[in-house]
Amino acid sequence: YYEVTMSRLKIPTREEILELARVRAEWPEDVCVSLYLETSPLRLNWEACRIDLGNQIREALARLEQDGFNKRRLAHLRERLEEVANSDSFSLFRANSLAIMATPETRHMYRVDKRPTTQPEMSDRFVYKHPRRGRVCRHTAYILALSENEAKVIELLPEAEPETLHVPGMPRNAQSAIGLPEHVSINVTGSESPLRPRRLAEYARKVEEAVKPLLRECDFPVILIAAEPLASTFRSISSICLAENVVFTSPDKLPDHELVALARPVLDKHYSRQLEEVRAKFDQREGQDRVLTDLSELARAATYGMVELLMVDFDRVETGYIDDEGKLTGSEEPGAYGIIDEIVKRSLEGGARVLAVRSEDMVGGTGAAAVLRYPMPEVLSKAV
């Protein structure tokens, strides 16, 4: 038995999604239960969240018992789930949604940003739609507020209060980064000191070294707020995913909500630019017979590793089955699973880039669209 607890907002990495997606349960000895709970950053709402979770757990267990799930295994599953509802650390779940994915032996928990549906899902696999959001994601980013006096990272979410993160190894300021006493300026020999650029670069490198582990598994943009010359110095040495536009001002004495207000227009431009690039690629490839929007064709293409770029509507739900050859059968019967999620999983296994976007930003009207690495062979197209 083990538990994986993520940060305040943790979008699973490609490897984590694939690990979850590969799990298969064999009824009646095993089952995958997926619970999505609406939580709250406000302490006064936490007890109501706990009650809601308890109700979902009881509903899931009652349905499994009614369907004839193994009683001994059901007791193990009950223990895994009720440990969460009864935990003293429940108050730590302060984002807007909590995803719990459990089997009788394992439990995975993710704090996510999208408000969920509250019906428990039981199947031979996990339903991981809500943590699936990809790089093109409006209003989600990190802010790096950098000055000689302070360095900090703010997490910017669409439906939660911004939060200043603790970043291990982050230097407090330029003096501490280069080993100078707090009362000594980095311009110890005057404002025109030739040492100043070198010291700013050293400070910038140490900030990046501290921030990199936080961002390594994240596809969200980093918005830099810094005055010159530090802004240009950091951009020249940095390899992290910085938004193209920078807010060229000193963050000193600015509260977090003002920093967020400065960052949001930059994030909007970044989001729009990303979507324009993706749409341009779809337009280019459509004339080469390398764009698919039909879910049956997409299931086949994903199974055979043909998908280069997949765009999905993260609010769209289509249920059914996809067999080992990629044949899709729509179904709403018990045990059916999200076929768009299955297409996502197979596309990721084939090395595709996957983007989850809002319905108004989608290409086509099926809930999924793909750019292929090459046109679908006629034999596969006929098989569909």
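This is a selection-by-selection tour of a predicted model, going from a strand to salt bridges, cavities and backbone details.

**Stop 1: strand β6**

Select residues 141-146, which make up strand β6. Six of the six residues in this strand are buried, so β6 is largely enclosed by the rest of the structure. Show the side chains and look at each face in turn. A141, I143 and A145 lie on one side, Y142, L144 and L146 on the other, and both faces are covered.

Now add residues 151-156, strand β7. β6 and β7 pair in the antiparallel sense over six bridges. To find the register, start from A141, whose bridge partner in β7 is L156. The connection between β6 and β7 is a hairpin of four residues.

Next add residues 222-225, strand β9. Does β9 run parallel or antiparallel to β6? The pairing of β6 with β9 is parallel, over four bridges. Here the residue to start from is Y142, which has V222 as its bridge partner in β9.

**Stop 2: salt bridges around E308**

The model has 21 salt bridges. Select E308 together with K281 and R290; E308 forms a salt bridge with K281 and another with R290.

Take K281 to begin with. The closest N and O atoms of K281 and E308 are 2.5 Å apart. K281 sits in helix α7 (residues 256-286) and E308 in strand β11 (residues 307-313), so this pair links distant parts of the chain, 27 residues apart. K281 is partly exposed, with a relative accessible area of 26%, and E308 is also partly exposed, at 22%.

Move to R290. The N to O distance between R290 and E308 is 3.3 Å. R290 is in the loop between α7 and β10 (291-292) and E308 is in strand β11, so the pair ties together parts that are 18 residues apart in sequence. Is R290 buried or exposed? R290 counts as buried because its relative accessibility is 12%, and the cut-off for buried is under 20%.

**Stop 3: R80 and E79**

Select R80 and E79, whose side chains meet in a salt bridge at 3.7 Å, N to O. R80 counts as buried, at 11% relative accessibility. E79 is partly exposed, with a relative accessible area of 40%.

**Stop 4: the largest cavity**

There are three cavities of 30 Å³ or more. For the largest cavity, select A21, R24, R125, F126, V127, Y128, Y337, G338, D341 and E342, which line it. The space in this cavity is about 60 Å³. Which elements each supply at least two residues of the lining? They are β14 (337-338) and α9 (339-349). Colouring the lining by class gives five nonpolar, one polar and four charged residues.

**Stop 5: the second largest cavity**

Select A145, L146, S147, E150, K152, P251 and D252 for the lining of the second largest cavity. About 40 Å³ of space lies in this cavity. Its lining divides into three nonpolar, one polar and three charged residues. A145 and L146 in this lining were already seen at the first stop, where both are buried residues of β6.

**Stop 6: backbone details**

Three places are left to check along the backbone.

- Select E228 and P229. The peptide bond from E228 to P229 is cis, with omega near 5°. P229 lies in the loop between β9 and α6 (230-237).
- Select K253. The phi of K253 is positive, about 70°, although this residue is not a glycine. K253 belongs to the loop between α6 and α7. With a relative accessible area of 85%, K253 is exposed.
- Select D289. Phi of D289 is near 55°, again a positive value in a residue other than glycine. D289 is found in the loop between α7 and β10. D289 is exposed, its relative accessible area being 60%.

The loop between α7 and β10 is thus visited twice on this tour, with R290 buried in it and D289 exposed.

Note on methods:
Residues are numbered from 1 along each chain as its sequence is written. This is a predicted model: local features need pLDDT of at least 70, side-chain atom pairs count only at pLDDT 80 or more; totals for chains, interfaces and linings use all residues. Side-chain values use heavy atoms; hydrogens and water are left out. On a 1 Å grid over the protein atoms alone, a cavity is a set of points where a 1.4 Å probe fits but cannot get out, and a pocket is an open set with protein on both sides within 12 Å along at least five of seven lines; lining residues have an atom within 4 Å of a point. Grid points are joined across faces, edges and corners, and a volume is the space filled by probe spheres set on the points. Ala, Val, Leu, Ile, Met, Phe, Trp, Tyr, Cys and Pro count as nonpolar, Asp, Glu, Lys and Arg as charged, and the others, Gly among them, as polar. A salt bridge is a side-chain nitrogen of Lys or Arg within 4 Å of a carboxyl oxygen of Asp or Glu. Buried means under 20% relative accessible area, exposed over 50%, partly exposed in between (1.4 Å probe, protein chains only). Two strands pair if DSSP finds at least two bridges between them.
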